[in-house]
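Colleague: Could you walk me through this structure before I start looking at it closely? I'd like to take the overall picture and then one residue.
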Amino acid sequence: MASSLINSLFSEAILSVAGLTDYIQELLEEDNQLHRVWVIGEVSSSNNHPKGMFFTLQDPDAKATIQCVAWRSQLSKLVQVPALGEQLIILGSLRVYPQRGQYQLNVWQALPAGEGLQALRSRQLRQRFEAEGLFDPQRKRPLPIHPETIAVVTSPQAAAWGDIKRTLKQRYPGLRVLLSPAQVQGELAIASIVNAIDRVEGDGRAKLLILARGGGASEDLACFNDERVVRAIAQCSIPVITGIGHQRDESLADLVADHSAHTPTAAAEKAVPELITLYAEHQQRRTSLYQAVTQITEASRHKLHHLRTRLRHLGLDQQLHQEQNGNAFQHQRLLQVTSKRLSQGVQHCQLLKEKLNTLDPQKVLKRGYALVRTPDGTIASSTENLTPGEELQIQLGEGQVKVKIIEIVDS
């Protein structure tokens, strides 16, 4: 009964051991981030085996451990063979073993965790950003063509700030340039750069942001590879140009920015067009437009002259005079024909009128004839249907009389 109660309460939530393990295996082994992962730790135990080397990598700070294996075919390729007590940087992929309920790191490479550690961390961070799509060209925004206000994030004491101001003033006089000061080197540089970008966002006047500093050693430029700086650039609401003074390697800030330049001066040149060049291009367009209009005007004049010459050769004035004379003749002829037809029509109407007058019953009656009607109004033309004593109505030339038949006399 207890089992049935448990099943009824938790039937939707209960997983088998195999089901849970399969789910964990899918999460770990299908995660793209774990297909190629860098891990740093200290070797706490190791065991040589015919199939390869099995060892445990331990984090001394958090006391966490992970089981690792470097298969025999891979051992000769390792830069550093794992040994007890050594700190290594491991490149590998995670593999879950359901039978033991464990996961293990299959090692591809092992490096000593000394020189080059910062570069490796930067590479790992870069891979993560690439997986997130922060470096995707599709997300990069175009620069405004004629920005009215530009913000610059750099150190006010650095030569980069002077180079940028001078370049912007020479190329685009009248441009408003806002400085959001920041430290661009040292332990405080990361937070300082992030805060400077936030100030530009809060101000809201700038349409473009330049993040710049002069040249320096790789360790001096480490702040531009920090995750917080990279994400601040990625989340900035306006386009960002980086002008970091290095040409050998691109920083993560360069990769995430909408546009990048090798020096602060180059960044300023990319930010605005050169006014002198714009003016020269404008003059060139004016000249080209004037030449095009002149050519079209001249061509139109030649065409008009040609058409006028053709019109003179066609003799249109004479043709028009002939057409006018012809129209006048046709007009006169039409008047004559119409007048004749009208006269004939009047005569014909008069004739018909006379015929109607001769056929008018009233005039016939006035000549002494009479019209006889029976009581129902029928005209009596014979004595066939008449009877003595029947009343008749006689219509004369003037007036009517009623009579009664006394006698019917056969003709």
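Modeller: One term to settle beforehand is contact, which here means heavy atoms within 4.5 Å. Please also keep in mind that this is a predicted model.

Colleague: Fine, so what share of the contacts between residues at least 6 apart in sequence join residues at least 24 apart?
Modeller: Among those contacts, 60% join residues at least 24 apart in sequence.

Colleague: And what is the secondary structure made of?
Modeller: The protein has twelve helices and 13 strands, and of its 411 residues 29% count as buried. The protein exposes about 27700 Å², with carbon and sulfur atoms supplying 53% of that area.

Colleague: Where is confidence lowest, and where is it highest?
Modeller: Confidence is lowest in helix α1, residues 2-10, with a mean of 54, and highest in strand β6, residues 149-154, at 96. Over residues 115-119 the pLDDT is below 50, and this stretch has two contacts in the model beyond near neighbours in sequence. Where pLDDT is low, the predicted coordinates should not be read in detail. For the protein as a whole the average pLDDT is 84, and 89% of the residues score at least 70.

Colleague: Switching topic, where does Q33 lie?
Modeller: Q33 belongs to the loop that runs between α2 (17-29) and β1 (37-49).

Colleague: Which residues is Q33 in contact with, leaving aside its neighbours within four places in sequence?
Modeller: Those are R128 and A131. The C-alpha atom of Q33 is also separated by 8.5 Å from that of Q127, a residue 94 places away along the chain.

Colleague: Why does Q33 count as partly exposed?
Modeller: Because its relative accessible area is 32%, and partly exposed covers values between the 20% limit for buried and the 50% limit for exposed.

Conventions
Residues are numbered from 1 along each chain as its sequence is written. This is a predicted model: local features need pLDDT of at least 70, side-chain atom pairs count only at pLDDT 80 or more; totals for chains, interfaces and linings use all residues. Side-chain values use heavy atoms; hydrogens and water are left out. Helices (H or I, at least four residues) and strands (E, at least two) are DSSP runs, numbered from the N terminus. Buried means under 20% relative accessible area, exposed over 50%, partly exposed in between (1.4 Å probe, protein chains only). Accessible areas come from the Shrake-Rupley method with a 1.4 Å probe; for residues, only the protein chains shown count as cover. pLDDT is the predictor's confidence in each residue, from 0 to 100.
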